[in-house]
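User: Please take a close look at the sheet in this model and what packs around it. I would like one connected account that a first-year student can follow.

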Amino acid sequence: MDIINKIHNANCLEFIDKYINDETLDAVITDPPYGDNEGYGRNNKTILNNESEEINYKVIPLLYKKLKNDTSCYLFTNWKFEHKLRNFIENETDFNIRMLICIVKNNIGMGYGFRNQHEFCIVMEKGNPKYNSNDFSNVMKMQHINHNEDTHPHEKGIKLFTDIIKHSTKKNDLILDCFSGSGTLAVAAHSTNRNFICIELDENYYQKSVTRYNKAIGGSFKLDTNIIQSSLFTP
Ligand SMILES: C[S@@+](CC[C@H](N)C(=O)[O-])C[C@H]1O[C@@H](n2cnc3c(N)ncnc32)[C@H](O)[C@@H]1O
């Protein structure tokens, strides 16, 4: 099955294990459910597998196996889980943690006492990857993307993803986003001439991301039927 430059509607844990060969990825850039079990925005939208950070512990070792040697893995999280994930990565996996990027948003979150305005991205390395710039800050800015009842509550900015892609990969490299949501990575990879594999479990966001990607490439990529039907909605 040709899985490259497609968005797949599947449970990534099963899809990665079954369809992605070991040591084939040039990078992973992914934004998993953080685990904060929240409803987002006025519509109180939820994200699948966001009840806890558990899915992160399951996917990280798989990503290590599928990456080539001397590559990087960018994993988004927030201040509540960053220390737990770092502890897990350091003690339970073969990744080395290279950097913690702070992503500063232009909007400020809801709350009292303190209101959140940043997210984190843990940069993990398998081997000794090379980077394309010596001038890449560990503070990045991200424009907030308003969401409504139709759109994804955690959509990341295209520029954030393209900056990371350009820093860590070369043209025609293969990048995985196994929690692809609204399809930001697919659009960013296309615009930078990289190949991608995107996986999204939620059928609604999967369909919307395919529409978004089609619009971006001016093409007509067909909706895939669920590759791993039986696994839908299980972590
Ligand atoms: C934080 S969001 C990603 C948002 C994305 N970066 C964007 O720009 O739109 C995490 C996504 O992971 C999806 N997800 C949860 N469990 C999954 C699984 N087992 N396999 C694939 N996707 C999953 C959720 O449905 C959600 O859309």
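Analyst: In this predicted model, eight strands make up an open sheet, and their order is β1-β8-β7-β2-β3-β5-β4-β6. The pairing in the sheet is mixed. Its edge strands, each pairing on one side only, are β1 (6-9) and β6 (139-142). On average, and ignoring direction, neighbouring strands are turned by 20 degrees against each other.

Strands of a sheet pair through backbone hydrogen bonds, in a parallel or an antiparallel way. One pair here is β3 (residues 67-77) with β5 (residues 118-126), which run in the antiparallel sense and share seven bridges. Within this sheet, Cys-73 has Met-124 of β5 as its bridge partner.

Helices pack here too. Helix α6 (residues 203-217) lies on the sheet and touches β1 and β8; the direction of α6 makes about 165 degrees with that of β1.

Helix α3 (residues 82-92) has Glu-82, Leu-85 and Ile-89 buried. Seen down the axis of α3, these buried residues fall within an arc of 70 degrees, so they line one face of the helix. They pack against α2 (54-66) as well as the strands β3, β4 (96-105) and β5. On the other side of α3, the residues His-83, Asn-87, Glu-90, Asn-91 and Glu-92 are exposed.

The ligand comes last. Of the 25 residues around the ligand, Asp-31, Phe-179, Gly-181, Ser-182 and Thr-184 come nearest. Strand β8 (195-200) and helix α1 (12-19) are the elements that give two or more residues to this shell. By type, the shell divides into 13 nonpolar, seven polar and five charged residues.

Key: Residues are numbered from 1 along each chain as its sequence is written. This is a predicted model: local features need pLDDT of at least 70, side-chain atom pairs count only at pLDDT 80 or more; totals for chains, interfaces and linings use all residues. A residue is near a molecule or strand if its C-beta atom, placed from the backbone, lies within 6 Å of it. Helices (H or I, at least four residues) and strands (E, at least two) are DSSP runs, numbered from the N terminus. Ala, Val, Leu, Ile, Met, Phe, Trp, Tyr, Cys and Pro count as nonpolar, Asp, Glu, Lys and Arg as charged, and the others, Gly among them, as polar. Two strands pair if DSSP finds at least two bridges between them. Axes are lines fitted to C-alpha atoms, for helices over the stretch in contact, and angles run from 0 to 180 degrees between N-to-C directions. Two residues are in contact if their C-beta atoms, placed from the backbone, lie within 7 Å. A residue is buried if 20 or more other C-beta atoms lie within 10 Å of its own, exposed if 12 or fewer, and partly exposed in between; C-beta atoms are placed from the backbone. The arc is that of the directions from the helix axis to the C-beta atoms.
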